[in-house]
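The exercises below are meant to be worked with the sequence and the model side by side. Try each task before reading the solution that follows.

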Amino acid sequence: MGTYLLKQEEVEVRVAIPSWLMLLPHVILTLVTVGFWIPILLYYILRRATTRYVVTNRRVISEYGILNKKSKESPLDRINNISHSQSIVGRIFNYGDVQIQTASEMGATVFKFLPAPKQFKWEITNQVDLYKKSHLEDQAKVMAQAMSRNKVEESPAISSDSKECPQCAE
């Protein structure tokens, strides 16, 4: 007996419920929608899991790909400009994009949906500065070594009038 009230001397003879076929359009729509979105969702989950953005002391690397791997490297000494952008939602959830422009013909490298994009940009800028500083220090050491070798060569141990001429037999 259902929740309906039977009148006096009224008896249920048969009870029927609507066929499950009434749900079929809704089930199909749900399966199609979910079936359509599940592969897309899985693709983006795998894409996120296989994407790496790396800052090293010599370069910035972008590596991505599920089946085929692709990578793009930007040497620190070739980076000309670094910028970042965040939407209002990105500012709320602390994610955004960082764009690196290099002295190459390939154009800019964009790192999308980075967590803490300001810190990523700062780290690149910091590594560029450290790289340039260490490169200048290395150049100064090489220059100092070259200059010290020239001084040793310029002050010969033998006086100039006692040098022997290799072509003279005398």
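**Exercise 1. How many aromatic pairs does the count come to?**

Solution. The model is a predicted one, and the count comes to four aromatic pairs when ring centres have to lie within 6.5 Å.

Step 1: take the pair of Y53 and F111, whose ring centres are 4.9 Å apart and whose planes stand at 85°. Planes over 60 degrees apart count as edge-to-face, so the pair of Y53 and F111 is edge-to-face.

Step 2: place the two residues in the chain. Because Y53 belongs to strand 1 and F111 to strand 6, their pair ties together parts that are 58 residues apart in sequence.

Step 3: look at accessibility. Y53, with 25% relative accessibility, counts as partly exposed, whereas F111, with 1%, counts as buried.

Step 4: add the cluster, in which Y53, F111 and F120 come together as one aromatic group.

**Exercise 2. State which helices and strands the chain has, and in what order they follow.**

Solution. Step 1: the secondary structure consists of three helices and six strands.

Step 2: reading from the N terminus, the elements follow one another as α-β-β-β-β-α-β-β-α.

Step 3: consider confidence before relying on details. The average pLDDT of the chain is 81, and 78% of the residues reach a score of at least 70. Helix 1, residues 24-49, has the lowest confidence with a mean of 84, while strand 4 has the highest with 92.

**Exercise 3. Describe the sheet that contains strand 1, and find its edges.**

Solution. Step 1: this is an open sheet of three strands in the order 1-2-3, and the pairing is antiparallel.

Step 2: strand 1 (52-55) and strand 3 (70-75) are the edge strands, since each of them pairs on one side only. On average, and with direction ignored, neighbouring strands here are turned by 10° against each other.

Step 3: follow one pairing in detail. Four bridges connect strand 1 with strand 2, residues 59-64, in the antiparallel sense, and V55 is found opposite V60 of strand 2.

**Exercise 4. Describe the sheet that contains strand 4, and explain which strands have a side without a neighbour.**

Solution. Step 1: this sheet is also open, with three strands in the order 4-5-6 and antiparallel pairing.

Step 2: strand 4 (79-85) and strand 6 (109-115) lie at the edges with a single partner strand each, so one side of each has no neighbour in the sheet. From one strand to the next, the twist averages 20°.

Step 3: strand 4 and strand 5, residues 95-102, run antiparallel and are joined by six bridges. Within this pairing, S85 has D97 of strand 5 as its bridge partner.

**Exercise 5. Which residues make up the largest nonpolar core, and which element gives the most to it?**

Solution. Step 1: recall a general tendency, which is that nonpolar side chains in soluble globular proteins tend to be buried together.

Step 2: list the members. The largest nonpolar core has twelve residues, namely V60, L76, I79, I82, V98, I100, F111, L114, F120, I124, V128 and Y131.

Step 3: assign them to elements. Strand 4, strand 5, strand 6 and helix 3 (117-154) each give two or more residues to this core, and helix 3 gives the most, with four residues.

Step 4: look around one member. Leaving aside residues up to four places away in sequence, V60 touches ten residues' worth of surroundings that include V54, V55, L76, I79, I100, F111 and I124.Step 5: set this beside the whole chain, where 15% of the 170 residues count as buried.

**Exercise 6. Where do N94 and F113 lie, and is each buried, partly exposed or exposed?**

Solution. Step 1: N94 is situated in the loop between helix 2 and strand 5, and at 39% relative accessibility N94 counts as partly exposed. Although N94 is not a glycine, its phi is positive, at about 55°.

Step 2: F113 is part of strand 6, and at 60% relative accessibility F113 counts as exposed. The phi of F113 is also a positive value, near 55°, in a residue other than glycine.

**Exercise 7. Locate R91 and relate its position to that of P117.**

Solution. Step 1: R91 belongs to helix 2, residues 88-93, and with 61% relative accessibility R91 counts as exposed.

Step 2: R91 and P117 are 26 residues apart along the chain, and their C-alpha atoms are separated by 9.8 Å.

Definitions and conventions: Residues numbered from 1 in each chain as written. Predicted model: local features only at pLDDT ≥ 70, side-chain atom pairs only at ≥ 80, totals over all residues. Heavy atoms only, no water. Pairing = 2+ DSSP bridges. Axes fitted to C-alpha atoms, helices over the stretch in contact; angles between N-to-C directions. Core = buried A, V, L, I, M, F, W, Y, C linked by side-chain atoms within 4.5 Å. Buried < 20%, exposed > 50% of the residue type's maximum accessible area, 1.4 Å probe, protein only. Contact = heavy atoms within 4.5 Å. pLDDT = per-residue confidence, 0-100. Phe/Tyr/Trp six-rings, centres within 6.5 Å; stacked < 30°, edge-to-face > 60°.
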